[in-house]
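Trainee: I would like to go through the terms used for this protein and see what backs each one.
Mentor: Then ask, and we will set each value against its cut-off.

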Amino acid sequence: MAETDKDDLIRFIDDSDERDIEIPAQLPILPVRDVVVFTDMVLPLYIGRDRSMRTIEDAMQDDRLIFLAAQKDPMEEEPGPKEIYRVGTVCRILRMLKLPDGHIKVLVHGIEKARVKRFINRKTLYHVSIELAPDEPVENVDTEHQALMRNVRENCEKILNIKGEYTGEIGMLLEEIDQPGKLADLVSSNLKLKTEEAQGLLELRDPIERLHSVNNYLAREVELSTVQAKIQSNVRDEISKGQRDYFLREQVRAIHKELGEQDDRAAELDEYRKRIKKAKMPKEAAKEAEKQLKRLEQMHPDSSEATIVRTYLDWLVELPWSNSTKDVIDIPGAKSVLDKNHYGLEKVKDRILEYLSVRKMNPGKKGQILCFVGPPGVGKTSLGQSIADAMNRKFFRLSLGGIRDEAEIRGHRRTYIGAMPGRILQGLKHCGSNNPVFMMDEIDKIGMDFRGDPSSALLEALDPEQNVNFSDHFINMPFDLSNVLFILTANMTDTIPSALLDRMEVIQLPGYTEEEKTVIAERYLMPRQLAENGLTDKDLSLSQAALLKIISDYTSEAGLRNLERELAAICRKVTRKMAEGHKGPFRVTRGNLHTYLGPPQYIPELDQDESQVGLATGLAWTQVGGEVLYVEVSLLDGKGELIITGQLGEVMQESARAAVSYARAHRSKLGVKKEFFDSTDIHIHVPAGAIPKDGPSAGIAMATALISALTDRPVDKYVAMTGEISLRGRVLPVGGLREKAIGAIRFGINTIIMPEKNKPELSEIPKSVRRRIRFIPVRTLDEAVEIAIGKDLVKPSKKNAPRKGSGGRPGRPGQKQPEKRTSRGLSHESAGN
């Protein structure tokens with residue numbers, strides 16, 4: 001296939017050197033579609049047929065000469081000799097370019113006309129034997145010939161003027177050509193002629209006759225161009241008429257206004273003006289609003305652009321640019337509100353009251369961003385509502401969990417269909433004030449993908465130094481967020497971007513103890529469930545012993561959500577009994593609790609019935625609070641390999657290797673022979689293998705379990721431990737001691753071995769927890785092993801020599817539904833602890 005791009009400029013050159021080229025008697029032929037090539041014509045061709053591409057390659061290998069002839073039927077893919085015109089043009093290939101799709105683009109220059117004498121078939125391509133067919137010479141260019149040439153030039157200028165394409169350079173080019181044949185070829189190549197018409201011109205060897213034919217075609221083209229210009233003029237007149245009608249309608253509206261007869265269009269515009277004035281926008285925003293209103297006045301009311309402008313104006317006038325609620329900061333009153341709605345959390349309440357006190361004494365101080373971090377169900381969101389109540393401010397909650405699009409924060413640009421502002425400005429519009437308490441939940445679960453990074457967009461909104469001029473893509477105007485009190489919540493800080501975390505003040509909300517849960521259930525949860533289920537305290541009563549059993553045997557959590565679900569289940573069953581006609585009152589005791597909730601789901605006893613060799617109890621700090629972490633070690637015949645299972649992360653695997661290295665370095669102290677480690681495989685396993693685990697506080701438990709297996713001495717089942725170890729045996733500090741201690745109580749632990757550097761944190765642990773658990777700070781691993789296993793570890797007798805296959809962990813015979821605890825217990829330990 002050889003085709004031309006109709007938009008490509010066809011040029012003519014006059015190169016006398018090309019005329020001196022010796023043209024061979026045989027040349028490869030290239031059939032072309034929808035174009036006739038004239039002499040001195042330069043144009044690009046697109047080659048797509050296999051035979052045509054081979055023809056080009058054959059010509060490039062020789063003298064770059066090729067014979068171009070038009071094919072009679074442009075739809076014919078493989079034209080034979082009968083489908084190709086006999087008269088064509090010998091061309092020189094000036095340039096060739098191979099395209100990515102495998103096709104070829106060439107630039108050719110017409111040199112001389114020629115006629116095909118015969119076709120020579122060479123298997124894969126055609127060659128032709130040609131004879132040159134130059135123009136007949138013109139002896140003298142007389143006056144008639146000059147008049148004909150001038151007429152051709154004037155018709156060309158008319159056509160170009162009608163189309164608005166005439167330039168002085170084109171006029172000079174036409175004037176410089178003084179040969180009739182060249183003028184005819186130049187004009188005919190730029191006329192939109194059919195292939196048959198152009199081929200007829202090419203076959204005319206008499207230049208004067210060819211120029212006469214071109215002049216006839218030009219006359220026809222002048223007439224067609226004139227009619228076309230007239231049609232376009234009529235179209236423009238119709239458009240002008242539509243504009244005139246629009247202005248007339250505007251005049252009619254003005255007349256109606258003078259008569260006191262307002263129409264709907266004018267009423268809408270007047271309403272916008274009133275709302276813009278009432279909104280009390282900043283100067284820049286008010287200027288933009290007036291500009292958009294003027295645009296709306298000039299638009300057709302039913303156009304799509306008018307709808308976009310209306311939506312934009314609606315948002316501008318409805319945003320609370322100057323509307324704010326007056327702060328009523330009464331510190332004693334705020335304290336009573338917090339105490340009324342929340343039990344415990346004294347440290348958190350003190351920090352909130354400090355914040356309110358500063359706002360009262362210095363109202364102009366830029367707001368600090370508070371971030372409540374704690375397990376689910378400890379009251380993070382309700383604390384935000386209490387702060388709003390204490391300050392007499394509006395409250396708005398936004399959940400960030402799963403947000404991946406930056407436009408959710410900054411908004412969409414108005415060029416998009418269905419564009420709207422971001423969630424922050426939507427919340428302010430919903431509140432109707434520019435100083436609400438704005439709570440952003442689950443900041444640790446925000447995502448990121450190809451649509452942008454929402455956490456980066458939050459930097460501008462949350463930074464007190466930047467949010468004075470917060471820019472939303474939809475509004476495209478700076479909006480002052482400095483009066484907004486932002487409160488964020490998270491289950492953990494590990495997944496919060498560091499740049500965002502740096503702008504927050506993190507306040508930890510630990511889990512509740514059993515005593516605190518009991519008080520909260522009696523004061524808040526039970527009355528609320530009674531009211532929601534249509535009961536009163538006279539219809540249903542719950543003994544304290546039954547409540548304690550629900551907390552210990554039916555829930556295992558740091559928060560209160562499952563506890564409230566169990567209380568709701570009891571209330572529903574009582575409500576059903578009363579609806580069926582049973583008379584109350586009903587009393588739930590420890591003895592009949594199972595008739596309402598079924599068998600216990602959790603047991604407060606330890607996970608093992610007795611102390612075992614190679615089994616140590618560690619403590620983990622997870623998103624849902626403190627949990628126990630069992631570490632098992634078994635010794636097997638092998639080649640001295642270390643096997644680590646339980647889907648442990650890199651940090652815990654490094655802790656296991658450090659424990660093995662410590663044991664090998666102190667083998668003589670442990671009474672283990674040197675060759676023992678070369679013939680024994682050590683298998684370290686942490687149960688609940690389907691749940692990923694990682695964190696730096698399991699090192700001491702792994703080392704203790706390993707030493708227990710090596711010395712054949714059991715680890716005290718009532719002792720749990722937390723802390724990282726070094727190769728020298730030092731015990732390093734960890735985090736989350738309070739949460740781990742509360743979790744240990746739920747599993748019946750009475751002794752916790754902890755790093756000595758964490759000793760100052762004991763003051764933050766509730767007294768009720770310290771009364772039930774003995775905390776033993778240690779500096780070295782030797783001290784921890786003495787407490788958990790015993791003092792005499794040197795050179796054990798045959799009785800306590802290491803046994804292959806020792807270690808292990810039995811099941812929990814009292815556990816009714818073990819998967820319920822493990823499914824949310826050991827998922828992920830904080831990487832910074």
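Mentor: What follows is a short round of questions on a predicted model.

Trainee: Why is Leu356 called buried?
Mentor: Buried means under 20% relative accessible area. Leu356 has 1%, so the term applies. Leu356 is part of helix α12, residues 346–361.

Trainee: Which residues does Leu356 touch, leaving out those up to four places away in sequence?
Mentor: Leu356 touches Ile329, Ile331, Ala334, Ala390 and Met391. Met391 is 35 residues from Leu356 in sequence, yet their C-alpha atoms are 8.0 Å apart in space.

Trainee: What makes Cys91 and Cys371 buried?
Mentor: The same cut-off of under 20% is used. Cys91 has a relative accessible area of 0%, so Cys91 is buried. Cys371 is also at 0%, and therefore counts as buried.

Trainee: How many disulfides does the structure hold?
Mentor: Zero. A disulfide would need a pair of cysteine sulfur atoms within 2.5 Å.

Trainee: Why are α19 and α20 called oblique to each other?
Mentor: Their axes cross at roughly 125°. That angle is not over 145, as roughly antiparallel requires, and lies outside 65 to 115, the range for roughly perpendicular, so oblique is the term left. The contact is made by residues including Leu547 and Tyr554 of α19 and Leu563 and Ile570 of α20.

Trainee: How do you know that the span of helix α22 agrees with what is expected?
Mentor: At 1.5 Å a residue, its 16 residues should span 22 Å, and the end C-alpha atoms are 22 Å apart, so the two agree.

Methods:
Residues are numbered from 1 along each chain as its sequence is written. This is a predicted model: local features need pLDDT of at least 70, side-chain atom pairs count only at pLDDT 80 or more; totals for chains, interfaces and linings use all residues. Side-chain values use heavy atoms; hydrogens and water are left out. Buried means under 20% relative accessible area, exposed over 50%, partly exposed in between (1.4 Å probe, protein chains only). Helices (H or I, at least four residues) and strands (E, at least two) are DSSP runs, numbered from the N terminus. The expected span of a helix is 1.5 Å times one less than its number of residues. Axes are lines fitted to C-alpha atoms, for helices over the stretch in contact, and angles run from 0 to 180 degrees between N-to-C directions. Angles under 35 degrees count as roughly parallel, over 145 as roughly antiparallel, 65 to 115 as roughly perpendicular and the rest as oblique. Contact means heavy atoms within 4.5 Å.
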